[in-house]
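This report goes through one protein model for a first-year student. Please look at the sequence and the structure below, then read on.

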Amino acid sequence: MTSHSDSAPVLVVGGSLVGLSTALFLARHGVRCALVERHPGTSVHPRAVGYYPRTGELLRQAGVEDAAVQDASGFATHRTRAGVTSLAGEVLFSKEELEGDDELGDLTPSRLLLLPQDRLEPLLRDRAVELGADLRFGTELLSFAEDPDGVTAVLGDGAGGTSTFRSSYLVACDGPRSIVREALKVPRQGRGVLSRHVSIAFGADLRPVLGERRYSVVHVKNPQVTGILVHDDRLTGGTLIVGYRPEDGESLEDFTDARCAELVGAAIGAPGVEVTIRSRFPWDMAEQVAEGFVHGRVLLAGDAAHVVPPTGGYGANTGIADAHNLAWKLALVVDGVAGAGLVETYDAERRPVAVYTAGQGSLQLAVRSGTATPEQTADAADAVTVTSGQAYRSAAVVEEAGSAALPVASDPRALRGAPGTRAPYVMLSRGGRPVSTLDLFGRDFVLLTGARGGEWLSAAVAASAELGLRITARRVVSGAGGGAGSLADPDGRWSERYGGLLPEGAVLVRPDGVVAWRSAGADPGGAETAVLTAVLRRVLARG
């Protein structure tokens, strides 16, 4: 029996990593949102473990990175990927993860973060609640219907009661078997399911086996078991991932506690280590991308939109980036500041990235399995390029006349603030205190100008008033000086990092830290206000 109706501008379906990130980013932008998740709480299974520096930057904007880094401190030395016959057996190969991480200081203040999903999700949940998100665990989406003005959803409380929920937009973050995507009958492209796996979370005292060794990922191969093992920072357990083949008559029912304990024991390889099984999680290794991420007022994100082979660890990172890209757009649209066309750019920007990233996951799979051709090996990009070097092309980016289109991803260390790319990181100062450019971004549009960019600063004030849009405008002055409201560039690196802007130039950065537009110098016709207002109208889909 339907008990009541409720509403909010955005309904998020799915309360795992991407759903929680979506609710968190929306709440940070001041959007009232509700999240429904059929399970009673956050994940009890470790699942995703690694988050690249770009994801750390996004968590930093949301006020979560410090807590995550603190909780992950025990994993600080877990940087070795190895192949072994067992944890106690022969080491077949050994390689440091994200080699050169210590050399990324010029690119980002964030670092590779290792933290199991079951420990990151509560941090996202708590921060989202703190910012006002309405999280409803134990609540399931039963059905939904879209109309020109929004979406009406029917929700179940798990005890037979139902309610209706009205929202302007519905964001589906309900995983690879998304009931929302299936209801919309959205086809997927890609290689499909490559293999089937079970993740086995276990408890065991690994201290005598590991000694001083710490691994990020261990590839285990012996006559009893072939799989991937990740151990926790307390050395009290971990996760073993093994495959199974339904075509050979194997099934999930074969993975009893006894068999799982036997497999884990063989992976550890030390007789006498007691193993307890905590949980099992079946999943498919697949390369699948939905053929559309935007369907009217229903939007797909995370695994509902794309399934990335886990080799390389890109799936969770890509999903969190989806949420970040989408949140500021929804915020401006539901506030009436932007036109609905801004939401359409979510598909134009994130779907090519998803196709590319899923392909990179498959290439990494081939490289690490030793089956890659020389061409495939050459096409496999490093993780920093895949996650931080993305370039967007959409109506929310104003490309420079005569510039060549960038590939979907490039080495971010070589990018120089071109429209559609991540705004580069530079350490500036304000009032004698250091401030990162990345910490300027995340909430409003930001206009940065050179020392003689006063006309652009005036244009930002005028455009803000005309469009009802919050714009933070700052002058960047070389050297250690800089007056009130200005940022000092003590190392003189800002102009070069942003493409060689002249002192009269300006760059406009979107709330997601992506460059929307830039002008190398002053407007030749002296029409800075008209130019900047037109740029913002285009980016905001306001005609």
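## Salt bridges and other features

By the rule used here, the model has 33 salt bridges, a salt bridge being a side-chain nitrogen of Lys or Arg within 4 Å of a carboxyl oxygen of Asp or Glu. The model is predicted, so local features need pLDDT of at least 70 and side-chain atom pairs count only at pLDDT 80 or more, while totals for chains, interfaces and linings use all residues. Residues are numbered from 1 along each chain as its sequence is written, and side-chain values use heavy atoms, with hydrogens and water left out.

Side chains of opposite charge can pair when their charged atoms come close. Three of the pairs are listed here.

| Pair | Closest N to O distance |
|---|---|
| Arg191 and Glu287 | 3.9 Å |
| Asp284 and Arg196 | 2.8 Å |
| Arg452 and Glu504 | 2.9 Å |

Where do the partners lie? In the salt bridge of Arg191 with Glu287, Arg191 belongs to strand E13 (residues 188-203) and Glu287 to strand E17 (residues 276-290), so the pair ties together parts that are 96 residues apart in sequence. Helices (H or I, at least four residues) and strands (E, at least two) are DSSP runs, numbered from the N terminus. Arg191 is exposed at 53% relative accessibility, whereas Glu287 is buried at 13%. Here buried means under 20% relative accessible area, exposed means over 50%, and partly exposed is in between, with a 1.4 Å probe and protein chains only.

Asp284 and Arg196 also form a salt bridge. Asp284 is in strand E17 and Arg196 in strand E13, so this pair joins parts that are 88 residues apart in sequence. Both are partly exposed, Asp284 at 21% relative accessibility and Arg196 at 32%.

The salt bridge between Arg452 and Glu504 involves two loops. Arg452 lies in the loop between strand E23 (445-449) and helix H12 (454-467), and Glu504 in the loop between helix H13 (494-497) and strand E26 (506-509), so the pair ties together parts that are 52 residues apart in sequence. Arg452 is exposed, with a relative accessible area of 54%, and Glu504 is partly exposed, with 24%. Elsewhere, salt bridges link Lys329, Glu349, Arg510 and Asp512 in a network.

## Around Ser362

Ser362 is part of helix H9 (residues 341-369) and is buried at 9% relative accessibility. Its side chain makes a polar contact with the side chain of Arg191 at 3.2 Å. A polar contact is a pair of N or O atoms within 3.5 Å; within protein, one must be able to donate a hydrogen and the other to accept it, and residues adjacent in sequence count only if both atoms are side-chain atoms. Apart from neighbours within four places in sequence, Ser362 is in contact (heavy atoms within 4.5 Å) with Arg191, Leu194, Glu287 and Pro309.

## A helix and a sheet

Helix H1 (residues 17-28) has 12 residues and spans 16 Å from its first C-alpha to its last, close to the expected 16 Å. The expected span is 1.5 Å times one less than the number of residues. Of the 12 residues in H1, 12 are buried, including Leu17, Phe25 and Arg28. Gly30, with a positive phi near 80 degrees, follows H1.

Six strands form an open sheet in the order E8-E3-E2-E12-E19-E18, with mixed pairing. Strand E8 (134-137) and strand E18 (294-295) are at the edges, each with a single partner strand, so one side of each has no neighbour in the sheet. Two strands pair if DSSP finds at least two bridges between them. Strand E2 (residues 10-13) pairs with strand E12 (residues 169-172) in the parallel sense over four bridges, and the partner of Val12 in E12 is Val171.

## Cysteines and positive phi

How many disulfides are there by this rule? The count is zero, a disulfide being a pair of cysteine sulfur atoms within 2.5 Å. The sulfur of Cys173 is 11 Å from the closest cysteine sulfur, in Cys33, which is too far for a bond. Cys33 is buried at 3% relative accessible area, and Cys173 is buried at 7%.

Most residues other than glycine have a negative phi. Lys185 has a positive phi near 60 degrees; Lys185 sits in the loop between helix H5 (179-184) and E13 and is exposed at 70%. Ala541 has a positive phi of about 55 degrees; Ala541 is in the segment after helix H14 (528-539) and is partly exposed at 32%.
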